[in-house]
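Good morning, colleagues. I should like to take you through one protein model today, strand by strand. Please have the display in view as I speak.

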Amino acid sequence: ILINSVDDDIVDGNVKSKVTLKMTSADANFNNVTKEIEFTTVDDDVAGFVISSNAASFPESSGATTSMSVALQSQPTANVTVTVASTDASELSVTSATTLTFTPSNWKTPQNVTAKVVDDNIADGTQTAAIKFTAASTDTNFNGITGQSALYTIIDDDAPSLSLAADPTTISQGSPTSTASIALGVEPTSDVTITLTSDLKAVTFKPATLTFTSKNYNTPQKA
């Protein structure tokens with residue numbers, strides 16, 4: 001006798017089942033004699049994501065778009081809502097739908113996700129980011145599971161810089177003032193204080209310190 005297990009796509013754990021053998025015979029010693037055999041079917045299904053993505057590097061200034069696809073690894077018993085988010089939205093932003101729904105019918109049909117490189121104005125060096133997937137479902141096997149795309153490298157194109165202009169650039173001892181206009185070239189991640197000094201005691205500044213923030217960094221201040 002060949003006994004075959006049924007290979008389903010549902011995460012239902014190991015399942016025990018019984019096979020009953022019943023004899024029928026004119027010999028009363030064998031007639032209606034039964035025998036049970038217990039089998040354990042070992043589940044081979046896992047609750048997870050199937051994510052198709054390729055690691056890549058992009059110049060920050062390119063504003064490049066990358067795409068990937070995601071599906072479920074096994075069949076859920078209820079709808080699964082997947083939240084799509086960037087691990088660093090300041091470097092890589094999701095431009096497609098931020099929620100996806102998989103059902104017991106379409107669970108293995110890949111759904112597409114797109115993301116775009118963000119060109120910021122911060123000198124923060126080369127950064128990495130990925131797209132993260134988080135599931136919510138009344139199917140407890142899937143509720144709370146997470147997955148992540150390949151890692152994307154964003155190459156920074158910003159460098160700390162300062163713009164400085166003075167008018168006039170030539171002053172006489174009797175002519176009291178020249179105006180300096182100062183601004184930052186890129187956005188700082190924390191406040192920047194500039195102190196103005198001169199190697200000549202006769203030259204003074206008012207104000208002698210300027211403070212730039214992430215909000216006013218590119219607004220010229222005068223001294």
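Strands β6 and β8 run antiparallel and are joined by four bridges. Within that pairing, T81 has T101 of β8 as its bridge partner. I should say at once that this is a predicted model.

Please stay with β8 for a moment. Which of its residues lie on the covered face, and which on the uncovered one? L100 and F102 make up the covered face of β8, while T99 and T101 make up the uncovered face. T101, the partner of T81, therefore belongs to the uncovered face under the cut-off that calls a residue buried at under 20% relative accessible area.

Let us now turn to the other pairing of β6. Strand β6, residues 80-86, also pairs with strand β11, residues 131-137. This pairing is antiparallel as well, and it extends over seven bridges. At one point along it, V80 stands opposite S137 in β11.

These pairings belong to an open sheet of four strands, in the order β8-β6-β11-β12, with antiparallel pairing. Why is one side of β8 and of β12 left without a neighbour in the sheet? The reason is that β8, residues 99-102, and β12, residues 146-148, stand at the edges, and each has a single partner strand. From one strand to the next, the twist in this sheet averages 25 degrees.

I come next to another open sheet, formed by three strands in the order β4-β13-β10. Here the pairing is mixed. The edge strands are β4 and β10, the latter spanning residues 127-129, and each of them pairs on one side only. The twist from one strand to the next averages 25 degrees in this sheet.

Within it, β4 pairs with strand β13, residues 152-155, in the parallel sense, and four bridges connect them. One of the residue pairs is S57 with T153, the latter being the bridge partner in β13.

Let me draw your attention to A56, which is found in strand β4, residues 56-59. Is A56 buried, exposed or partly exposed? A56 has a relative accessible area of 26%, and so counts as partly exposed. Setting aside neighbours within four places in sequence, A56 is in contact with L151, Y152 and T153. For the pair A56 and L151, the separation is 95 residues in sequence, yet 7.3 Å in space from C-alpha to C-alpha.

A further site lies on the surface. Which residues make the nonpolar surface patch of about 220 Å²? The patch is made by L21, I37 and F39. Of these, F39 has its place in strand β2, residues 34-41. With a relative accessibility of 31%, F39 counts as partly exposed. F39 can belong to the patch because a patch residue must have over 30% relative accessible area.

Finally, I turn to the protein as a whole. It has 18 strands and zero helices. Of its 223 residues, 28% count as buried. The protein exposes about 13,900 Å², and carbon and sulfur atoms supply 50% of that area. Among contacts with a separation of 6 or more, residues 24 or more positions apart account for 60%. The pair of A56 and L151, 95 residues apart in sequence, may serve as a place to begin when you inspect the model yourselves. Thank you for your attention.

Terms used. Residues numbered from 1 in each chain as written. Predicted model: local features only at pLDDT ≥ 70, side-chain atom pairs only at ≥ 80, totals over all residues. Heavy atoms only, no water. Patch = residues over 30% accessible without salt bridge, like charges linked within 9 Å, V, L, I, M, F, W, Y side chains within 5 Å. Areas by Shrake-Rupley, 256 points an atom, 1.4 Å probe, with all protein chains shown as cover. Salt bridge = Lys/Arg side-chain N within 4 Å of Asp/Glu carboxyl O. Helix = DSSP H or I, 4+ residues; strand = E, 2+ residues; numbered from the N terminus. Buried < 20%, exposed > 50% of the residue type's maximum accessible area, 1.4 Å probe, protein only. Pairing = 2+ DSSP bridges. Axes fitted to C-alpha atoms, helices over the stretch in contact; angles between N-to-C directions. Contact = heavy atoms within 4.5 Å.
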